[in-house]
Amino acid sequence: MELTIPVGQDTVWTEHLAGDGVPIVLLHPGVGDSRVWDLVLPGLDGRRVLRYDVRGYGRSPLPTTEFSLLKDLETVLDQLELQQVLLVGCSMGGGNALSYALAHPERVHGLVLLCPGVPGFPWPDEPELDARYDVLAAEQDVDGLVKLGLREWARAGSDDAVVAQLRAAIPAWFDQDDYLQEDPAVYDRLHEIQAPSVVMVGDKDRPILAAVAGGTAARIPGCEFIWMPGVDHFPSLREPQLVTDTILRLAGD
């Protein structure tokens, strides 16, 4: 069932699928929208699943006011009265999942984190990449940003699905600095997470993302780490079966 859920003054496009077991919440990356999970959904048939597009991404309207990823996730789960969930987050969605797990540990059944971006990780300066992005964003050069995105995030190869993901994300990038608030840093608090957790990352992702993933897995008590050969920053498109199997394993019966 498709829904439009109010989040403050704005709305987000949401899909809520009825089913059994712990609700599975799919959180998309900043280089795509919730359609990044299209190849995973068939394997979750019969399960209760929720996915939504962050403000400005995919089918959600552009934001008109400041917002945070964490607060919007809280709002969506509360609106649907989901009391305990399995959070599956890719990149930006992985950071959001971690923020929620620390803010509401009693409501998190488990975490599946795909190449997560983690608030508070000591990210190195990348002046050349930042300068190139700033020029393209200032010109609102969508084709140029797609080309840049393919170079940085799709090192396993370009295809129609990956290009579509980037095009679904880029409109949100233009206004992000004006509207998206940073959530609190969590990297130094990962040792507090008690939920069963898995971190997955591919060997064709950017090296810094492999470092983020490794550091995250090392800091979460009992966390499982899965290395994915031949996979870049789009693991749910590159290895959907492995991602699906991992989700179902943590979801349990």
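The buried residues of helix H1 are covered by elements that include strand E1 (2–7), strand E2 (10–17), strand E3 (20–27), strand E4 (47–52), strand E5 (85–90) and helix H2. The model described here is a predicted one. Helix H1 spans residues 69–79, and within this helix Leu69, Leu70, Asp72, Leu73, Glu74, Val76 and Leu77 are buried. Just after H1, Glu81 adopts a positive phi of about 55 degrees.

**Pocket and cavities**

The largest pocket holds about 1,600 Å³ of space. Its lining comprises 41 residues, of which Met92, Trp123, Trp153, Gln176 and Leu180 are the closest to the centre. Several helices take part in this lining: H2 (92–103), H3 (127–138), H4 (142–153), H5 (160–174), H6 (176–179) and H7 (207–219) each contribute at least two residues. Sorted by class, the lining of the largest pocket consists of 20 nonpolar, twelve polar and nine charged residues.

Three cavities of 30 Å³ or more are found in the whole structure. The largest cavity contains about 40 Å³ of space. Its lining is formed by Leu27, His28, Tyr52, Val54, Met92, Gly93 and Asn96. Helix H2 gives the most to this lining, with three residues. Four residues lining the largest cavity are nonpolar and three are polar, while none is charged. Met92 thus appears in both settings: Met92 is among the residues closest to the centre of the largest pocket, and Met92 also lines the largest cavity.

**Arg206 and its surroundings**

Arg206 is located in the loop between strand E7 (197–202) and helix H7. Its relative accessible area is 7%, below the 20% limit, and Arg206 therefore counts as buried. Leaving aside residues up to four places away in sequence, Arg206 touches Trp123, Glu126, Leu129, Glu152, Trp153 and Arg155. Two of these contacts, Trp123 and Trp153, are also among the residues closest to the centre of the largest pocket.

**Cysteines**

The structure contains zero disulfides. Cys115 takes part in none; the nearest cysteine sulfur, that of Cys90, lies 3.9 Å away. A disulfide requires the two sulfur atoms to be within 2.5 Å, so the Cys115 and Cys90 pair does not qualify. Cys115 is buried, with a relative accessible area of 1%. For Cys223, the closest cysteine sulfur is that of Cys115 at 14 Å, which is too far for a bond. Cys223 also counts as buried, at 17% relative accessibility.

**Aromatic pairs**

The structure has four aromatic pairs. Two of them are set out below.

| Pair | Geometry | Centre to centre | Angle between planes |
|---|---|---|---|
| Phe121 and Tyr187 | edge-to-face | 5.1 Å | 80 degrees |
| Phe225 and Trp227 | stacked | 6.3 Å | 25 degrees |

The pair of Phe121 and Tyr187 joins distant parts of the chain, 66 residues apart: Phe121 belongs to the loop between strand E6 (108–114) and H3, and Tyr187 to the loop between H6 and E7. Both Phe121 and Tyr187 are buried. Ring pairs also bring Trp123 into a cluster with Phe121 and Tyr187. Trp123 is in turn one of the residues that Arg206 touches.

In the stacked pair, Phe225 is partly exposed at 37% relative accessibility. Its partner Trp227 is likewise partly exposed, with a relative accessible area of 45%.

Definitions and conventions. Residues are numbered from 1 along each chain as its sequence is written. This is a predicted model: local features need pLDDT of at least 70, side-chain atom pairs count only at pLDDT 80 or more; totals for chains, interfaces and linings use all residues. Side-chain values use heavy atoms; hydrogens and water are left out. On a 1 Å grid over the protein atoms alone, a cavity is a set of points where a 1.4 Å probe fits but cannot get out, and a pocket is an open set with protein on both sides within 12 Å along at least five of seven lines; lining residues have an atom within 4 Å of a point. Grid points are joined across faces, edges and corners, and a volume is the space filled by probe spheres set on the points. Helices (H or I, at least four residues) and strands (E, at least two) are DSSP runs, numbered from the N terminus. Ala, Val, Leu, Ile, Met, Phe, Trp, Tyr, Cys and Pro count as nonpolar, Asp, Glu, Lys and Arg as charged, and the others, Gly among them, as polar. Buried means under 20% relative accessible area, exposed over 50%, partly exposed in between (1.4 Å probe, protein chains only). Contact means heavy atoms within 4.5 Å. Rings of Phe, Tyr and Trp (its six-membered ring) pair if their centres lie within 6.5 Å; planes under 30 degrees apart count as stacked, over 60 as edge-to-face and the rest as tilted.
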